[in-house]
Amino acid sequence: GHLISQNDGEPLNWTRPTTGWAVGEVIVEDRSLIIPEDTDSGTYRLLVGMYDRAGTRLRLTDGSDTIALGDIVVR
């Protein structure tokens, strides 16, 4: 229920802002997260969200502002 790590920034090292994406275009990007050494072992949910130009988190049709990509196990 709380933030462990995050990685914010425009896609592809700030070279492909979402304002330049074409409809249906696929952007593939690797992102890294640094997990603090004092993080408890366990399973953590990986969430992704997107922002508009003003920095406001975009909402999905169900009202949520993130999509779960899966789980990460910290040992």
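# Chatting about the pocket, bridges and strands

Reply: Starting with the largest pocket of this predicted model: 47 residues line the largest pocket, and Asn7, Asp8, Leu47, Val48 and Gly49 lie nearest its centre.

Me: Ok, and which elements give two or more residues to that lining?

Reply: They are helix 1 (11–14), strand 1 (42–48) and strand 2 (67–74). Strand 1 gives the largest share, with five residues.

Me: How much space lies in the largest pocket?

Reply: About 1,700 Å³.

Me: And what's the lining like by class?

Reply: For the largest pocket, the lining has 23 nonpolar residues, 13 polar ones and 11 charged ones.

Me: How does anyone find empty space like that? What shows where it is left?

Reply: A probe the size of a water molecule is rolled over the atoms, and that shows where empty space is left.

Me: Back to Leu47. Where is leucine 47 found?

Reply: Leucine 47 is found in strand 1. Its relative accessibility is 47%, so leucine 47 counts as partly exposed. The cut-off behind that is simple: exposed means over 50% relative accessible area, and buried means under 20%.

Me: What about leucine 47 and aspartate 65, how many residues apart are they?

Reply: They are 18 residues apart in sequence, and their C-alpha atoms are 9.6 Å apart in space. Aspartate 65 is found in the loop between strand 1 and strand 2. With 26% relative accessibility, aspartate 65 counts as partly exposed.

Me: How far in space is aspartate 65 from tyrosine 51?

Reply: C-alpha to C-alpha, aspartate 65 and tyrosine 51 are 9.3 Å apart, with their positions 14 residues apart in sequence.

Me: New topic. How many salt bridges are there?

Reply: The count comes to three salt bridges.

Me: Which residue forms a salt bridge with aspartate 71?

Reply: Arginine 45 does, and the closest N and O atoms of that pair are 2.8 Å apart. Aspartate 71 lies in strand 2 and arginine 45 in strand 1, so the pair ties together parts that are 26 residues apart in sequence.

Me: Is arginine 45 exposed or buried?

Reply: Arginine 45 counts as exposed, because its relative accessibility is 56%. Aspartate 71 has a relative accessible area of 46%, so aspartate 71 is partly exposed.

Me: Cool. Which residue forms a salt bridge with glutamate 25?

Reply: That is arginine 16, and the closest N and O atoms are 2.8 Å apart. Glutamate 25 counts as partly exposed at 31% relative accessibility, and arginine 16 counts as partly exposed at 24%.

Me: And which residue forms a salt bridge with arginine 31?

Reply: Glutamate 29, with the closest N and O atoms 3.5 Å apart. Arginine 31 is partly exposed, its relative accessible area being 36%. Glutamate 29 is partly exposed too, with a value of 31%.

Me: Switching to the surface. Which residues form the nonpolar patch?

Reply: Val48, Leu60, Ile67 and Leu69 form it, and together they have about 330 Å² of accessible area.

Me: Where does isoleucine 67 lie?

Reply: Isoleucine 67 lies in strand 2. At 42% relative accessibility, this residue counts as partly exposed.

Me: There's an isoleucine 34 too. Where is its place?

Reply: Isoleucine 34 sits in the loop between helix 1 and strand 1. Its relative accessible area is 72%, so isoleucine 34 is exposed.

Me: What separates the C-alpha atoms of isoleucine 34 and serine 5?

Reply: A distance of 6.3 Å, although the two residues are 29 residues apart along the chain.

Me: Last bit: backbone angles. What is the phi of leucine 12?

Reply: Leucine 12 has a positive phi of about 55°, although it is not a glycine. Leucine 12 has its place in helix 1, and at 33% relative accessibility leucine 12 counts as partly exposed.

Me: And what is phi of tryptophan 14?

Reply: Phi of tryptophan 14 is near 70°, which is a positive value in a residue other than glycine. Tryptophan 14 lies in helix 1.

Me: Is tryptophan 14 buried or exposed?

Reply: Exposed, because tryptophan 14 has 56% relative accessibility.

Terms used. Residues are numbered from 1 along each chain as its sequence is written. This is a predicted model: local features need pLDDT of at least 70, side-chain atom pairs count only at pLDDT 80 or more; totals for chains, interfaces and linings use all residues. Side-chain values use heavy atoms; hydrogens and water are left out. On a 1 Å grid over the protein atoms alone, a cavity is a set of points where a 1.4 Å probe fits but cannot get out, and a pocket is an open set with protein on both sides within 12 Å along at least five of seven lines; lining residues have an atom within 4 Å of a point. Grid points are joined across faces, edges and corners, and a volume is the space filled by probe spheres set on the points. Helices (H or I, at least four residues) and strands (E, at least two) are DSSP runs, numbered from the N terminus. Ala, Val, Leu, Ile, Met, Phe, Trp, Tyr, Cys and Pro count as nonpolar, Asp, Glu, Lys and Arg as charged, and the others, Gly among them, as polar. Patches are made of residues with over 30% relative accessible area and no salt bridge: like charges are joined within 9 Å, nonpolar side chains (Val, Leu, Ile, Met, Phe, Trp, Tyr) within 5 Å. Accessible areas come from the Shrake-Rupley method with a 1.4 Å probe; for residues, only the protein chains shown count as cover. A salt bridge is a side-chain nitrogen of Lys or Arg within 4 Å of a carboxyl oxygen of Asp or Glu. Buried means under 20% relative accessible area, exposed over 50%, partly exposed in between (1.4 Å probe, protein chains only).
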